[in-house]
Amino acid sequence: MATGLVSGSSVLYCKLKLYKERGYKEASWASGVTFKRCSKREISWSCGVSKCLQVREHEFFRTTFTNNRAPFRPLTTVSCLGNDATKYFDFAIIGSGVAGLRYALEVSKHGSVAVITKAEPHESNTNYAQGGVSAVLGPLDSVENHMRDTIVAGAYLCDEETVRVVCTEGPDRVRELIDLGASFDHGEDGNLHLAREGGHSHHRIVHAADMTGREIERALLKAVHDNPNIFMFEHHFAIDLLTSQDCSEIYCHGVDTLNSETQEVVRFISKVTLLASGGAGHIYPSTTNPPVATGDGVAMAHRAQAVISNMEFVQFHPTALADEGLPTKPTKIRDNCFLITEAVRGDGGVLYNLGMERFMLQYDERAELAPRDIVARSIDDQLKKRNEKYVLLDISHKPREEILAHFPNIAAECLRHGLDITHDPIPVVPAAHYMCGGVRAGLHGETNIRGLYVAGEVACTGLHGANRLASNSLLEALVFAQRAVQPSIEHMEDSHLDLSALDSWDRPVVPVSFGNSVLEEITQRTRDVREELQSIMWDYVGILRSTSRLKMAEQRIGELEAEWEEYLFQKGWEVSMVGLEAGEMRNLFCCAKLVVSSALSRHESRGLHFTIDFPHLEESKRRPTIIFPCSPVKGRWSSQQPHKQLHG
């Protein structure tokens, strides 16, 4: 995969058309995306994808895009009606976490809504979020304080306007959750109990013990279940976005999915699509993310020619439960690590190495309350220096009743393995946790693709910069889910669709002609390749990086991808075929390459990206990394789908 830095590059870029329209802020920059020049309207399955990437660091962050009327004849009725193979909705939402569900509840007041989710509705990163939602709700706190904490944690790479918007609108979004039935902890005075976590200067974390995400997901799912305009499609794996191209403009018209239970391809045609599919934690072998987090949204958007940003900033949570240190080991390998929430350190938890030496003060004066990137690197340094497998997080000095009240889920999980956290320290180790980068979004969740909006971890809004402040993720998802509503409604009302064009996208094919033995061989080989990719990412693109190791990762990933594809085609796989395991593998390869390319382009150490070749923070490098897609060219199956022309 070739990459080119824009500085000094001879590649010509079309300028994006940026307008001040419907109250959106005019963009402060006019860089562009390379699109295929065309004289005729073209429609493709996923609008092709670039074999090469342009990786750019840009001086400004904000992008806004026009919301012009799409050039299609009106579709008289868009509803949930349709046959088994094709369904029609006003809004299609990919993902059932907090961003997708909150958005669904709002847009359902204006049309029919399909919520498409890869597994069960509750299986999302939201459900695993323990800590809480950060919001300025205390009398001694302020928006300015929250903004400062966010920007400092983000290593000054945050977009200030985005930070102000999120910190200002956050309290109202929390109150709306309460109105929807979410139950949060209260103190003895009857007010919300506000916790404090690493990087925060004030107590501002609204929480439900150590199961906040689960409580929010419960309340939202109940509201969605009771809403007659929202239809939930479980076990539907999103394959690719359905896009059309009109010279420099790209439009999204829905998504192709695979029903993993029936093995049928289902096409969703929609006027508006929200991508809220979460992160890509499973590009690493050790992650707190649920199994569904395989980077599907970022990969689909990239194939559809969306702009991607800041993929080098992968947050490793400092404290995942280290199973090796438990008195009773789990009987089977976990699909994802068990998270030990930031709030344990915020509540007074202390980190020790196995020699029972408190070490965080050696690295930062804030000790255990330093931002996550610093704590994760400090733990990593201790493990390497001492040749140990984990460190210890001790909260046992706090009153037993307080520990059990604040962290019942953690206490119960540890007790299942013979560890009583009210008496003994918890073995912990860093694990991949959160993608600060993603699909580049404007202040209303808009992308450079008309009709495609993004919210949640899949989006890069500029809030997190080079490192996410604890408990800002649920906050960002709530704020941007709401901010995307009004422009989505306006786009839906203005949207037009040519029914005669619906068959212009090639339909994916399920390989039913393969025998069970062949499919089992392909599945097993794909799983082996997945583990090998994860190993490469952990060894070469982890907490501590170097240029030589990143280049080695780039080479090995390219070779592994080519070997895997060659294997598939030798077994009879064709470019139109789809499968869940193969589809996830394709997306994991895409996201891994985006992370490596972005990391190679940043010649400094900032936030989550620390490289020994450029160990210092450079003010001249304080700008986000932007990946613009090239013109569609012939590439691998894993990165490209057929591009078809529509005549007439």
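Two strands count as paired here if DSSP finds at least two bridges between them, and the elements themselves are DSSP runs numbered from the N terminus: helices are H or I with at least four residues, strands are E with at least two. A quick note on provenance: this is a predicted model, where local features need pLDDT of at least 70 and side-chain atom pairs count only at pLDDT 80 or more, while totals for chains, interfaces and linings use all residues. Residues are numbered from 1 along each chain as its sequence is written, and side-chain values use heavy atoms, with hydrogens and water left out.

**The sheet**

With that in hand, four strands make an open, antiparallel sheet, ordered β14-β17-β16-β15. β14 (314-321) and β15 (350-352) each have a single partner strand, so they sit at the edges with one side lacking a neighbour in the sheet. From one strand to the next, the twist averages 45 degrees (axes are lines fitted to C-alpha atoms, and angles run from 0 to 180 degrees between N-to-C directions). β14 pairs with β17 (residues 426-435) through six bridges in the antiparallel sense; one of the matched pairs is Val314 with Met435 in β17.

**The pocket**

Now for the largest pocket, at about 1,500 Å³. A pocket is an open set of points on a 1 Å grid over the protein atoms alone, where a 1.4 Å probe fits, with protein on both sides within 12 Å along at least five of seven lines; lining residues have an atom within 4 Å of a point. Volume is the space filled by probe spheres set on the points, which are joined across faces, edges and corners. There are 48 lining residues, and Pro285, Ser286, Thr287, Ile333 and Arg334 lie nearest the centre. β14, α8 (372-386), β17, α13 (516-540) and α15 each give two or more residues, with α13 providing the largest share, eight. By type, the lining splits into 18 nonpolar, nine polar and 21 charged (nonpolar: Ala, Val, Leu, Ile, Met, Phe, Trp, Tyr, Cys and Pro; charged: Asp, Glu, Lys and Arg; polar: the others, Gly among them).

**A helix and two loop residues**

α15 (residues 580-601) also has 20 of its 22 residues buried, meaning under 20% relative accessible area; exposed is over 50% and partly exposed in between (1.4 Å probe, protein chains only).

Two non-glycine residues with positive phi sit in loops:

| Residue | Phi | Loop | Relative accessible area |
|---|---|---|---|
| Met356 | near 60 degrees | between β15 and α8 | 44%, partly exposed |
| Asn387 | about 55 degrees | between α8 and β16 (391-394) | 70%, exposed |
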